[in-house]
Structure formats: C-alpha cells, structure tokens
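Please look over the sequence and the model shown below before reading on. The report then takes up the backbone, the chain as a whole, its interior and a few single residues.

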Amino acid sequence: MSSTGALITRSGQKTGRSPKDKRIVQEKSTDGEIWWGPVNIPMEEKVFRVNHERAVDYLNTRERLYVFDGFAGWDPKYRIKVRVVCARAYHALFMRNMLIRPSEEELENFGEPDFTIFNAGQFPANRYTSGMTSATSVAISFERRQLVILGTQYAGEMKKGIFTVMHYLMPKTGVLSLHSSANEGPDGDVSLFFGLSGTGKTTLSADPRRSLIGDDEHCWSDDGIFNIEGGCYAKCIDLSADKEPEIFGAIRFGSVLENVVLDDETRVVDYTDSSITENTRCAYPIEYIPNAKIPCVGGHPKNILLLTCDAFGVLPPVAKLTPEQAMYHFISGYTAKIAGTEEGVTEPQATFSSCFGQPFLAWHPVKYASMLAEKMKEHNTNVWLINTGWNGGAYGVGERISIKYSRAIINAIHSDMQ
C-alpha cells in the first residue's frame with residue numbers, strides 16, 4: 001500500500017495494451033458489420049473455443065477466484081451488465097473502480113450478465129494455435145458475449161475490451177459511442193473533449209469550475225451524453241499536486257496504482273520514476289473527484305473540442321470549424337507523438353487515429369463520423385480545433401503552447417456560450 005492508502009500492483013511483463021494480439025471472432029451475425037483489418041483482426045470460432053477452454057481450465061486450478069458484477073453505461077436504457085471472473089484480486093478491484101458499481105438491490109437482481117470477461121492473464125495462449133501471433137490473446141465473441149484474456153496481466157485490456165463492445169453495440173441502437181472526456185458548466189452546458197495521448201484531454205477537461213461527467217468513454221443518445229464508466233484511469237507519470245490536484249487527491253484507499261515505483265520505507269510513490277514503464281496508471285472511482293457529476297449524465301453538447309498536439313507549427317492555437325472541417329479532423333484524428341507518450345519516441349512524429357480512438361472502433365470510422373455529423377447538425381453544436389502543440393514554428397524553433405494559454409482559450413469558449 002502507498003503512503004496515501006492506494007494499492008500498488010505490477011502487471012508483469014506487459015505494461016500496456018497489446019493491439020496486435022486483439023481479435024474479434026468472425027461470426028455470421030457480425031461478419032458484415034465489423035471493420036476488419038489491422039485494428040479488428042478476425043479469429044475463427046474454433047480458435048476462440050480453444051482459448052476459452054484454456055482460460056477456464058486455468059481459472060479452475062486457482063484456490064480462489066474473484067468475481068465482480070457491474071454496469072457499463074450510466075443511462076439505464078442502454079447500459080449492459082458485465083461480469084468479471086479473474087484470478088488476481090487487483091484485476092477485480094480495478095474493474096470495480098472502472099465499471100459502474102451496482103446498489104445492493106441491483107446486485108441482488110443482477111441476473112445473467114450481457115457480457116462476461118474471463119481474465120486468465122497469468123496463463124499464456126498457445127502460440128502454435130492457428131491465428132496466434134504470440135503468447136498473448138485478447139479475444140471478443142459477440143455471439144457468445146465473452147471476452148477472453150490470456151498472456152497479459154495489464155488491467156487496461158479489460159477496460160478497453162468493454163469499450164470495444166460498447167463501440168459495436170451502441171451504434172446498433174442509434175447511440176453514438178465516443179472516445180472523449182466530458183464536463184458540464186454551472187448552466188448545464190456540456191463540452192466534449194477529443195484527443196490522443198499527450199494532447200491534454202484529461203488535464204483540460206478537469207476544470208474546478210465545471211462538473212466532470214467522465215474522462216475517457218461516453219455515448220451520445222437522443223437524451224444527451226452519458227459516461228460508459230464508473231471510474232477514471234489516469235496517467236501518473238510526472239503527476240504532482242500542483243499540476244493535477246484532483247487526480248493527485250484521488251489516489252487513496254480503494255484506488256489501484258499500476259507499475260509505479262515507491263520508497264520501501266516511507267511508501268511514498270515517485271511519480272517521476274519511469275524505470276518500469278512510462279505508462280504508469282491509477283484507477284479510481286469517479287466519485288473520488290470532488291466535482292464529479294453523479295449520475296454521470298448530461299445534456300446535448302454545446303461545444304466539441306478537438307485537441308491536437310501539432311509539432312510542426314502549422315495549426316493555430318484555436319480555430320472554429322465548419323461542419324465539413326470538423327468531419328475531416330474527426331476522421332483523420334491528427335496529432336504528433338512526442339517524447340514520453342510511447343517507448344522509443346524521442347522526436348515528434350505525426351500520427352493519425354480515426355475518430356480519435358481507432359484501436360477501439362468496431363464499425364468503419366465513417367459510421368461514427370456520419371452519426372456525429374447528424375447529431376451536431378440537430379443540436380447546433382460548435383466544434384473547435386485546439387492546438388496544444390507548437391506555435392511560432394515547428395519543434396525546435398517555436399515554443400510549446402502553455403497549458404495555461406490552452407485553459408484560457410477554453411475558458412473564453414465557455415464564457416461566450418453563457
């Protein structure tokens with residue numbers, strides 16, 4: 001336990017997601033709908049059954065198993081029931097934080113889950129099984145309503161696996177699933193923040209003057225916005241009470257710290273230490289954030305903010321986009337990877353991720369973009385491009401735009417609304 005009471009854990013060899021080992025079972029019911037390719041790699045049904053049996057056999061050898069039942073989606077009309085079965089206590093606590101925790105009455109009447117996670121991450125997949133590329137396998141079957149994990153103990157695979165499930169199920173009901181954070185002003189105005197790693201999505205949406213609806217995964221229905229999750233999964237590298245006081249204060253008893261380094265005597269965590277991984281993380285219930293809005297729902301967004309870290313001095317600090325420009329930037333999902341966002345990145349590299357969340361999409365990006373365009377038009381939503389990268393020249397010539405200036409720009413956008 002850390003000095004503030006958080007549980008400190010290690011995820012073993014894998015300290016991040018394994019996108020090349022993620023598979024979706026190719027089934028008749030979903031075959032014509034999934035966006036097959038490098039993001040959604042098809043798996044044969046019989047291979048899934050082999051992996052499922054391997055996972056269940058391993059779990060049956062454990063002296064103790066941990067089971068958690070929770071919800072994904074704050075709107076009762078659209079939420080799904082998720083059951084987590086795992087052999088590590090930390091995995092169960094992690095998903096207890098990340099899913100929505102049922103009341104005693106809801107738990108008593110939970111019934112059969114809509115989706116079940118079998119996490120046997122300590123046990124490897126058989127890499128000689130057809131279609132396997134390594135000893136790691138993260139596989140989803142929509143017909144069997146199961147997610148099976150082998151060969152990785154990184155807890156984020158469960159969180160993002162359920163996000164992929166929601167990315168498939170929600171558009172079928174006319175609900176748009178989004179990789180975004182969301183907050184709400186005192187007058188009820190909602191803003192959505194899109195952005196890839198290093199753009200400031202979590203930091204800029206954590207505004208003490210506005211209520212936090214959620215930090216990562218949302219849906220936009222005919223009634224408005226709702227959070228998919230019951231918690232937050234924040235990066236901890238270089239975390240400090242000065243820079244991100246809300247997140248720093250949320251790291252207490254009940255929170256799960258992954259792959260951080262601490263002093264053995266004082267139990268104080270050194271958030272600057274990246275010797276295990278740059279991707280140090282903390283999972284905590286959303287109510288640990290003082291200005292969280294519970295239940296995590298809001299009205300239709302008045303503003304959408306597309307955050308990009310342009311390292312080449314091209315984009316202005318802020319631009320209001322036409323609907324056509326908004327669709328272009330949403331589908332392209334441009335930013336630059338900078339040092340610290342990924343192993344081996346020392347100089348900025350341009351990167352693109354459709355819908356600002358390509359690794360989690362189930363349908364073709366155009367489906368999400370078309371739904372977003374319709375909702376923006378219907379609700380007269382403003383779209384802004386916010387550059388949190390370089391101004392006055394490219395990396396090495398210009399200067400990185402201060403987070404203080406980005407906050408001021410966003411505050412001005414919100415003030416104009418009111």
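## Unusual places in the backbone

Pro295 sits in the loop that runs between strand E19 (281-285) and strand E20 (297-298). The model is a predicted one, and in it the peptide bond that joins Ile294 and Pro295 is cis, with an omega of about -5°. Most peptide bonds are trans, and most residues other than glycine have a negative phi.

Two residues that are not glycine have a positive phi: Asp238, with a value of about 65°, and Arg267, also with about 65°. Asp238 belongs to the loop between E15 and helix H6 (245-250), while Arg267 belongs to the loop between strand E17 (261-262) and strand E18 (269-270). Buried or exposed, or something in between: how does Asp238 count? Its relative accessible area is 37%, which lies between the limits of 20% and 50%, so Asp238 is partly exposed. Arg267, at 42% relative accessibility, counts as partly exposed by the rule that puts this class between 20% and 50%. A positive phi is also found at Gly333, the residue that follows H7, where the angle is near 55°.

## The chain as a whole

The protein chain has nine helices and 27 strands. Its C-alpha atoms fill a box of roughly 60 × 55 × 45 Å when the box is taken along the principal axes. A compact globule with 418 residues would have a radius of gyration near 22 Å, and because the protein chain has 21 Å, the value agrees with that expectation.

Of the 418 residues in the protein chain, 56% are buried. When the contacts with a separation of 6 or more are considered, 73% of them come from residues 24 or more positions apart. The protein chain exposes about 17,900 Å², and carbon and sulfur atoms supply 51% of this area. As for charge, the chain carries 43 positive and 50 negative charges, and the mean positions of these two groups are 3 Å apart.

## The nonpolar interior

In soluble globular proteins, nonpolar side chains tend to be buried together. In this model the largest nonpolar core has 93 residues, and those with the most contacts inside it are Met95, Ile117, Leu257, Tyr284, Ile304 and Phe330. Helix H4 (residues 156-172) gives the largest share of this core, namely seven residues. A second core, separate from this one, has 16 residues, including Met43, Val47, Leu59 and Ala87.

Phe330 is one of the buried residues of helix H7 (residues 323-332), together with Ala326, Met327, His329 and Ser332. Which residues does Phe330 touch, not counting residues up to four places away in sequence? Its partners are Leu178, Phe194, Leu306, Ser354, Cys355, Phe356, Tyr368, Ala369 and Leu372.

## Three buried residues and their surroundings

Gly231 is part of strand E15 (residues 231-235). Its relative accessibility is 1%, and because the limit for a buried residue is under 20%, Gly231 counts as buried. When neighbours within four places in sequence are left aside, Gly231 is in contact with Asn97, Met98, Asp215, Tyr284, Pro285 and Ile286. Tyr284 also appears among the residues with the most contacts inside the largest nonpolar core. From Gly231 to Arg23 the distance is 26 Å, C-alpha to C-alpha, and the two are 208 residues apart in sequence.

Glu184 is found in strand E10 (residues 181-184). This residue is buried, with a relative accessible area of 12%. Outside the residues up to four places away in sequence, Glu184 touches Asp189, Val190, Arg210, Ser211, Ile213, Lys293, Val297, Gly298 and Gly299. Glu184 and Arg209, which are 25 residues apart in sequence, have their C-alpha atoms 9.0 Å apart in space.

Thr381 lies in the loop between helix H8 (365-379) and strand E25 (382-387), and with a relative accessible area of 10% Thr381 is buried. Apart from its neighbours within four places in sequence, Thr381 is in contact with Trp220, Pro301, Lys302, Asn303, Ile304, Lys375 and Met376. The C-alpha atoms of Thr381 and Ser191 are separated by 9.5 Å, although the two residues are 190 residues apart along the chain.

Methods. Residues numbered from 1 in each chain as written. Predicted model: local features only at pLDDT ≥ 70, side-chain atom pairs only at ≥ 80, totals over all residues. Heavy atoms only, no water. Core = buried A, V, L, I, M, F, W, Y, C linked by side-chain atoms within 4.5 Å. Buried < 20%, exposed > 50% of the residue type's maximum accessible area, 1.4 Å probe, protein only. Helix = DSSP H or I, 4+ residues; strand = E, 2+ residues; numbered from the N terminus. Contact = heavy atoms within 4.5 Å. Rg over C-alpha atoms; globule rule 2.2 N^0.38 Å. Areas by Shrake-Rupley, 256 points an atom, 1.4 Å probe, with all protein chains shown as cover. Lys, Arg positive; Asp, Glu negative; His and termini not counted. Charge placed at Lys NZ, Arg CZ, Asp CG, Glu CD.
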